[in-house]
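User: Please take a close look at the sheet in this model, strand by strand, and then set it in the context of the rest of the chain.

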Amino acid sequence: MIPVRFVAACPSGHIQDVPFKEWVHNGPVPNDGEHELSYHTGGGSGDLGSITLKCTCGERRPLAGLMNIRKDGEDVFDSALARIGFNPDYDHKFDKEHPNNSNPQGQYCKGHRPWLGLEGIKDAAGCKIIY
Ligand SMILES: [Zn+2]
Ligand SMILES: [Zn+2]
């Protein structure tokens with residue numbers, strides 16, 4: 001377990017763990033044994049680009065871009081997490097409002113409200129927001 005200083009939050013205020021394993025593998029974690037992450041800092045500024053996650057399977061990915069979002073005015077309609085595993089071959093389904101809602105591997109908000117305790121996670125209301 002790696003203690004990290006990031007959580008994922010959606011504009012409706014829901015909070016969940018950042019899907020670091022999916023980020024590193026750019027999609028679902030392969031179901032072929034252990035995939036343990038380690039956290040490597042390049043020193044210096046400590047910004048996202050200086051942090052790289054490495055998996056025991058050999059995959060590695062810096063955190064640069066992890067927080068990227070796209071907005072239309074105040075409305076966020078796309079995010080780096082929603083693009084995890086995005087297959088550009090499906091771009092014909094591109095929808096300006098929800099460009100990733102055809103990405104089955106995207107990591108979207110689960111509607112978790114952890115401040116309510118386990119109930120807020122077990123009974124997650126779901127989140128209408130698709131990114
Ligand atoms: Zn792995
Ligand atoms: Zn949400």
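Analyst: Strand 3 and strand 4 (residues 51-55) are joined by five bridges and run antiparallel. This is a predicted model, and the description below concerns its computed geometry.

Within this pair, Thr41 has Ile51 of strand 4 as its bridge partner. One residue along, His40 stands opposite Thr52 in strand 4. Lys54 also lies in strand 4, and the C-alpha atoms of Lys54 and Leu37 are separated by 5.5 Å although the two residues are 17 apart along the chain. Leaving aside residues up to four places away in sequence, Lys54 touches Leu37, Ser38, His40 and Arg60. Lys54 counts as partly exposed because it has 15 C-beta neighbours inside 10 Å.

Strand 4 is also joined to strand 5, by three bridges, and this pairing is again antiparallel. Here Leu53 has Arg61 in strand 5 as its bridge partner. The hairpin of strand 4 and strand 5 has four residues between the strands, and in it Gly58 takes a positive phi near 110°.

Taken together, these pairings give an open sheet of three strands in the order 3-4-5, with antiparallel pairing. Strand 3 (37-41) and strand 5 (60-62) stand at the edges; each has a single partner strand, so one side of each is left without a neighbour in the sheet. From one strand to the next, the twist averages 20°. In general, the strands of a sheet pair through backbone hydrogen bonds, in either a parallel or an antiparallel sense.

A separate pairing follows along the chain. Strand 6 (residues 69-72) and strand 7 pair in the antiparallel sense over four bridges. Asp72 has Asp75 in strand 7 as its bridge partner. The hairpin of strand 6 and strand 7 has two residues between the strands, and Gly73 takes a positive phi near 65° there. A positive phi also occurs in a residue other than glycine: Asn26, with a value near 45°. Asn26 lies in the loop between helix 1 and strand 3, ahead of the sheet described above. Asn26 is partly exposed because 13 other C-beta atoms lie within 10 Å.

After strand 7 (75-79) comes the loop that leads to helix 2 (118-122), and Ala80 lies in this loop. Not counting residues up to four places away in sequence, Ala80 touches Gly65, Leu66, Met67 and Asn68. The C-alpha atoms of Ala80 and Gln107 are separated by 8.9 Å, with their positions 27 residues apart along the chain. Ala82 is found in the loop between strand 7 and helix 2 as well, and its C-alpha atom is separated from that of Cys109 by 9.1 Å, again for residues 27 apart along the chain. The burial classes of the two alanines are as follows. Ala80 counts as partly exposed because it has 19 C-beta neighbours inside 10 Å, whereas Ala82 counts as buried because it has 25. The cut-off for a buried residue is 20 or more.

Ala82 and Cys109 both belong to the largest nonpolar core, which has 12 residues. Leu53, the bridge partner of Arg61, is also a member of this core. The other members include Trp23, Leu66 and Ile84. Trp23 touches Arg61, Leu66 and Ile84, not counting residues up to four places away in sequence. Arg61 thus appears both as a bridge partner of Leu53 and as a contact of Trp23. Leu66, in turn, is a contact of Ala80 and of Trp23.

For the chain as a whole, the secondary structure comes to two helices and seven strands. Along the sequence they follow the pattern β-β-α-β-β-β-β-β-α. Buried residues make up 18% of the 131 residues. Among contacts between residues at least 6 apart in sequence, 34% join residues at least 24 apart.

Confidence should be kept in view when reading these details. The chain averages a pLDDT of 82, and 81% of the residues score at least 70. Confidence is highest in helix 1 (residues 20-25), at 96, and lowest in strand 7, at a mean of 78. Strand 7 is the strand that pairs with strand 6.

How values were computed:
Residues are numbered from 1 along each chain as its sequence is written. Chains are lettered from A and ligands numbered from 1 in the order in which they are written. This is a predicted model: local features need pLDDT of at least 70, side-chain atom pairs count only at pLDDT 80 or more; totals for chains, interfaces and linings use all residues. Two residues are in contact if their C-beta atoms, placed from the backbone, lie within 7 Å. Two strands pair if DSSP finds at least two bridges between them. Axes are lines fitted to C-alpha atoms, for helices over the stretch in contact, and angles run from 0 to 180 degrees between N-to-C directions. pLDDT is the predictor's confidence in each residue, from 0 to 100. A nonpolar core is a set of buried Ala, Val, Leu, Ile, Met, Phe, Trp, Tyr and Cys residues joined through C-beta atoms within 7 Å.
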